[in-house]
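Work through these exercises with the structure open beside you. Try each task before you read its solution.

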Amino acid sequence: MGNRNIVGVALHFIIYTAIQLLFFRNVALFQNTFCYLYIATIILLPFETGRIAQLFIGFAIGMFVDFFYDTLGMHAFASVFLAYARMVTLNYLQPSTGYESGGKPLVREMGITWFATYAIILVFLHHMVFFAIESSDFSLLLGTLVQSIGSTIFTFTVIMIGQLVFYQKKAKA
Amino acid sequence: MRQLFFLVFKYRVFLVFLFLEIVALWLVVNQNNYQRVAFASSSSKVVGTIDAFTSDITYFVKLRDANDTLMNENARLRKLVNTLYSQVKDLPQAPVDKSYNFSPARVINNSVYRANNYITINKGTLDGIEPGMGVISSEGIVGQVKNCSENFSTVYSALHTKLLISAQLKRHHVLGTAKWNTGNPEIGSLEYIPRNVEVAKGDTIITSGFNSTYPEGIVIGTVTEVGQGESESFLGVNFSFATDFKSLSYVYVVDYLLKEERSKLEEEITE
């Protein structure tokens, strides 16, 4: 991970977490559908980020968000899970030519189909784990599932809007 | 032993994963005790500051709605007070007439430093506002409606040289006319007060209620200066307006419900 990548990740963290805490913290659709935009920082980590580093980044971001939500440990748990799931998912979705070195999982680099598949899987897994822990009652699994699906659509839409609006294609030289 | 190290190294990612998940889970389970002891002191200041910041923003956004709500509440209560007053027969002072209706409005444009000043409010004919109605604030007199569109009205400010208000001295029950003819947006003059009346500084000037634009008893201002005046038979009285025109934001439009009945009756007399 070069210096440029570290700056990029830090920028992602600041922007996505700030939007999460200042805006989406107070937003709930239909009273139970939430947007957890902050996980975009983890989802968009560069491909070559070290595996253990990813786990610790996930833990740190989760803990940071937990402080504000007063849910100590819950977002951390879900975020670490997300970081691990990301490695597995990246293995499965690997193109035959492998990932470009220095690349990132962005729409402009990987195409919209690949990105949508990748992001929906991860967002859903994270939300499912988080809501299951949050409800801490596995008898309500159906309710948790519905809530996860709704929130996944919400979060994914916001991430996608971000991808399409703010990540311009690099000008062709 | 060497094989154990090898094993640990091989599965190091998964082991770190497990370790972090266990830590997180442990925090979840113990969060009530743990949060208070270890984190509340260090993080609460940062978190609290950011929380206060966000709530300030949302509060600011909601402020206008909140004001409108309070305004309607005030209008309702004002009406209620009038009704109740008129039901209490044995009050020493004659209460405000219950035949007035008050509707709240927001000032969206205002001037105080021109020779003749006007106010624009956000209510119009659709809200039942008509030219000629009186306008007051919670502090005192404001002006009179000049003309209306569907959703807005312009109002003669009391700071308009053509606006004459039928007034009386509260202590003496002597009638006069309040008007504005100086460049100072805080001072008005009370005219046609006979010389034999002993007006003192600090006397309150209120509306007379005689011309039905305003209910009786709305405060116009307090006397600041009593002079000889230009005319032989009348005093020159200056007063400071009760209403602070410079910071005017909400007003009430006064509707006299018995207007037609009264003017019809008075026309018959003049004929």
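## Exercise 1: a salt bridge within a helix

The side chains of B:Arg76 and B:Glu73 form a salt bridge, with N to O at 3.5 Å. A salt bridge here is a side-chain nitrogen of Lys or Arg within 4 Å of a carboxyl oxygen of Asp or Glu. This is a predicted model: local features need pLDDT of at least 70, side-chain atom pairs count only at pLDDT 80 or more, and totals for chains, interfaces and linings use all residues. Residues are numbered from 1 along each chain as its sequence is written, chains are lettered from A and ligands numbered from 1 in the order in which they are written, and side-chain values use heavy atoms, with hydrogens and water left out.

**Task.** Work out how B:Arg76 and B:Glu73 are placed along helix H3 of chain B.

**Solution.**
1. Find the helix. Helix H3 of chain B covers residues 31–87. Helices (H or I, at least four residues) and strands (E, at least two) are DSSP runs, numbered from the N terminus.
2. Compare the positions. B:Arg76 and B:Glu73 are three residues apart, so about one helical turn separates them.
3. Recall the helix rule. An α-helix has 3.6 residues a turn, so residues three or four places apart point the same way.
4. Check exposure. B:Arg76 is partly exposed at 49% relative accessibility, and B:Glu73 is partly exposed at 35%. Buried means under 20% relative accessible area, exposed over 50%, and partly exposed in between (1.4 Å probe, protein chains only).

## Exercise 2: salt bridges between loops

**Task.** Locate the partners in the salt bridges B:Asp203 to B:Arg171 and B:Glu186 to B:Lys246.

**Solution.**
1. Take B:Asp203 and B:Arg171. Their side chains meet at 3.0 Å, N to O.
2. Place both residues. B:Asp203 sits in the loop between strands E8 (187–194) and E9 (204–207) of chain B, and B:Arg171 in the loop between strands E6 (165–169) and E7 (174–179), so the pair ties together parts 32 residues apart in sequence.
3. Check exposure. B:Asp203 is buried at 8% relative accessibility, whereas B:Arg171 is exposed at 53%.
4. Turn to B:Glu186 and B:Lys246. Their salt bridge also has an N to O distance of 3.0 Å.
5. Place this pair. B:Glu186 is in the loop between E7 and E8 of chain B, and B:Lys246 is in the loop between strands E11 (234–241) and E12 (250–256), 60 residues away.
6. Check exposure again. B:Glu186 is partly exposed at 41%, and B:Lys246 is partly exposed at 44%.
7. Note the total. The whole structure has five salt bridges over all chains.

## Exercise 3: the two faces of a helix

**Task.** Where do the buried residues of H2(B) fall when seen down its axis?

**Solution.**
1. Size the helix. H2 of chain B (residues 12–29) has 18 residues and reaches 26 Å from its first C-alpha to its last, close to the expected 26 Å. The expected span is 1.5 Å times one less than the number of residues.
2. List the buried residues. They are B:Val13, B:Val16, B:Phe17, B:Leu20, B:Glu21, B:Ala24, B:Leu27 and B:Val28.
3. Look down the axis. The buried residues fall within an arc of 130°, so they line one face of H2(B). The arc is that of the directions from the helix axis to the C-beta atoms.
4. Turn the helix over. The face away from the buried side carries the exposed residues B:Phe19, B:Ile22 and B:Val29.

## Exercise 4: buried residues in chain A

**Task.** Which residues do A:Thr144 and A:Gln54 touch, leaving out those within four places in sequence?

**Solution.**
1. Start with A:Thr144. It lies in helix H7 (residues 141–166) of chain A and is buried at 4% relative accessible area.
2. List its contacts (heavy atoms within 4.5 Å). A:Thr144 touches A:Met128, A:Phe131, A:Ala132 and A:Ser135.
3. Move to A:Gln54. This residue is in helix H3 of chain A and is buried at 3%.
4. List the contacts of A:Gln54. They are A:Leu45, A:Thr49, A:Ala83, A:Arg86 and A:Met87.
5. Add A:Met63. Helix H3 (residues 51–69) of chain A holds A:Met63, which is buried at 9%. A:Met63 and A:His75 are 12 residues apart in sequence and 6.5 Å apart in space, C-alpha to C-alpha.
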